[in-house]
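Dear colleague,

I am handing over the structure below, and after it I set out what was found in it. Please read the notes with the coordinates open beside you.

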Amino acid sequence: MTKVSWFSQPFPPEGASAAEGIRKQLGRPELDLLTILVRESAQNSWDARLPDRTEPIEYGIDMRTVSPVHATAWRDLLSQGAPLNDHLPLRRALSQRTIQVMAISDRGTSGLGGPTRADEAVAEGHDFVSFVRNIGEPRDTEFGGGTYGFGKGIFYLVSRNGTILLHTRCRVDGRYETRLMGCALWKSYVANTSDGERRYTGRHWWGDTAGDVVEPLVGAEADAMAHRLGLRPFGDDETGTTIIVIDPLLEGRESPAEAAGYLAETIAWHLWPKMLESSDGRPAMRFSVTCDGVDYPVPDPRTTRPLNLFVAAYEAMEGPEGKDLHCLNPKKLLGRLGLVKRPAPTLEATAASRMVDVEDAVHHVCLMRPAELVVTYRPGPKPPSEYLHYAGVFRADPALDETYAKAEPPTHDAWNPQSLESRERTYVNTTFRRIDEAVSALFDLGGATRGDSAKVALGAASARFASLVGGVWGTGGATDYSKPGDTEPTSHTPSPTPSGPGKGKIPDGTPRRRPRMEYVDAPYYGDRLGVPVLIQEFRLPVPGSQQVRIDLAVVLAGPGGRETDPPLGAAMPILLGWEDPDGSLHTSPAHVIEGGDGSTWRAIVRPAPDTMTEIDIFTEAVQLS
């Protein structure tokens, strides 16, 4: 007969691992706990993918307050036989006015199957025992993201009381089976028993304590208990795992909602390769984050700066622009590298980007193993212009996956060659050297390093080169204009327009002057549909319909001017369109605008890479018929 209660593990005579030691096995990582939670749990989900599944793995994080309907069941059921607060502060958490939980779930995975006891000898398929019972077992998934399973400790560290619920569904002997169990990891202690004082490891399990070993609730009993607790049920033929963290740490966030937003962005930064569509048009994984029923969308890396730059580098790696990196002594293929550089505005750092040391500019190479889970963003030298960014993606060759895996700490967020044997250390060190060589070549021109021209790598470059930004003052054609900062437009001698019936004259026959045009400040960088652009704002102060046109040129860095006829194959700046005050883009080369209403328009220009762009905007009155 089932008896649901807590069981606290005493130290056996032969010894066991104390809870403190297990909690410390993650070391002192540079990443925060929520970031590690995302990385480790997603790696677990990826490693547990079903081999014959064609649909993406569904991975989600749900932060919520346990509803009043289910809160009583949580308090009654999970307090049954729970240790004292001094030994495990779970009772204290359950006695709070509200119970906060974080559920990390996957579907389309195998669930935690296999034996439920650690003493059963099985060659493979011991996922439940590896997660619940044992510590430090090697992975049994080829090219998996994890290595020795220490990362599961993060679930306990994120809980203020070191307690989680494990709700999983797997296949056992060809049939579906639901399993439900509580697990806690806090600290070792000494307690008084009927036999005197006894030492306990600080590990606890909640489940069926009727036998000689605490077991999970299974089958119909597990489903019924999950229903009483308000846990999300599994579908008829659905497998996967949900881990519920009780009273989660928010890592400095003021509210669960703020933490949910951070988690959504963190997923994008660390798991974006799994969001890219494969050859069948579907991503490997789909991600979701919710908080009390409100969805917090995970940013799309294809359209989100600066992740779109890493996506471009990934595509370059996969295509003909990708480069195989080799170690020459001993000879070995290390992996494949893709690099791209792009003009773009400086970045506005976020909490998630700062966590990977991406601040105002991208100058990083994303390192990954064949599992295509982000290991880290390795910084390189900063580019010669603040408006020039570069990104790279390096994917290790499958033949060396084990080498790179051994170079990782328990949190899998670095490659540390010093921890390897001589030959393997050479492979990792050479990888870094080859990446650095490729980055250096990215900023070489004709075999020589660029000089000052590299400092004006984009359109308007930086404030240091503001005097070289052509078109800011409207030179070369505009008849009336004002410089940024001027209070009045500067007038030029009007030129008569072509004569003829209905042309060049106002109704009284007086030759018409060209309308004036005001530039609004200097051009600046922006982003339109993921494309870095140069924007020049302007106004037409004179009333009436006027046609605007643009003249674009490349300014040569050095004495000598501008280039309007590019060399064969060279890029030139392109007008993408005229953006009206409402944000609509008009893509005609010339556009008619009604002047005199004080509205600000924008010329949207795509600059040529590694150049400085000159912008001249011309205005011409629309003739009366």
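In which strand does Leu334 lie? Leu334 belongs to strand β13, and I start there after one caution, which is that this is a predicted model, so that every value in this message is computed from predicted coordinates.

Leu334 has a relative accessibility of 0% and therefore counts as buried, the limit for that class being under 20%. Leaving aside its neighbours within four places in sequence, Leu334 is in contact with residues that include Leu325, His326 and Cys327, and also Phe394, Ala396, Asp397, Leu400 and Tyr404. Further along the chain, the contacts of Leu334 include Tyr427, Thr430, Thr431 and Arg434. For one of these partners, Tyr427, the separation along the sequence is 93 residues, while the C-alpha atoms of Leu334 and Tyr427 are 7.0 Å apart in space.

For the chain as a whole, the secondary structure comes to 12 helices and 28 strands. The chain has 625 residues, and buried residues make up 50% of them. Among contacts between residues at least 6 apart in sequence, 71% join residues at least 24 apart.

Two helix pairs may be worth your attention. The first to describe is that of helix α2 (residues 33-47) and helix α8 (residues 256-271), which pack at an angle of about 55°, with their axes 10 Å apart. Because that angle falls outside the ranges for roughly parallel (under 35 degrees), roughly perpendicular (65 to 115) and roughly antiparallel (over 145), α2 is oblique to α8. The crossing in which α2 passes α8 is right-handed. On the α2 side the contact is made by Leu34, Thr35, Val38, Arg39 and Ala42, and on the α8 side by Tyr262, Leu263, Thr266, Ile267, His270 and Leu271. Sorted by class, the contact of α2 with α8 has 7 nonpolar, 3 polar and 1 charged residues.

The other pair is helix α3 (residues 68-79) with helix α7 (residues 219-229), where the packing angle is about 120° and the axes are 7 Å apart. By the angle ranges already given, α3 is likewise classed as oblique to α7. The residues that make this contact are His70, Ala73, Trp74 and Leu77 of α3, together with Met225, His227, Arg228 and Leu229 of α7. These residues of the contact of α3 with α7 divide into 5 nonpolar, 2 polar and 1 charged.

Turning to the backbone, there are two cis peptide bonds to report on here. The peptide bond from Arg305 to Pro306 is cis, with omega near -5°, and Pro306 lies in the loop between β11 (294-295) and α9 (307-318). A cis peptide bond also joins Asn329 and Pro330, where omega is about 0°; Pro330 is found in the loop between β12 (323-328) and β13 (331-343), and β13 is the strand that holds Leu334.

Positive phi values also deserve a mention. Glu251 is not a glycine, yet its phi is positive at about 55°, and its place is in the loop between β9 (240-246) and α8. With 29% relative accessibility, Glu251 counts as partly exposed. Asp357, which is not a glycine either, has a positive phi of about 65° and lies in the loop between α10 (351-355) and β14 (363-368). Asp357 reaches 51% relative accessibility and so counts as exposed, for which the value must be over 50%.

A further loop position is Pro541, placed between β21 (531-539) and β22 (544-555). Pro541 counts as partly exposed, at 29% relative accessibility. Its C-alpha atom is separated by 4.5 Å from that of Gly596, although the two residues are 55 apart along the chain. Leaving aside neighbours within four places in sequence, Pro541 is in contact with Arg516, Met517, Glu518 and Gly596.

Last come the cysteines: the structure holds 0 disulfides. Cys183 is buried, with a relative accessible area of 1%, and Cys366 also counts as buried, at 0% relative accessibility.

With best regards

Note on methods. Residues are numbered from 1 along each chain as its sequence is written. This is a predicted model: local features need pLDDT of at least 70, side-chain atom pairs count only at pLDDT 80 or more; totals for chains, interfaces and linings use all residues. Side-chain values use heavy atoms; hydrogens and water are left out. Axes are lines fitted to C-alpha atoms, for helices over the stretch in contact, and angles run from 0 to 180 degrees between N-to-C directions. Helices (H or I, at least four residues) and strands (E, at least two) are DSSP runs, numbered from the N terminus. A crossing is left-handed if the near helix is turned anticlockwise from the far one by less than a right angle, and right-handed if clockwise. Contact means heavy atoms within 4.5 Å. Ala, Val, Leu, Ile, Met, Phe, Trp, Tyr, Cys and Pro count as nonpolar, Asp, Glu, Lys and Arg as charged, and the others, Gly among them, as polar. A disulfide is a pair of cysteine sulfur atoms within 2.5 Å. Buried means under 20% relative accessible area, exposed over 50%, partly exposed in between (1.4 Å probe, protein chains only).
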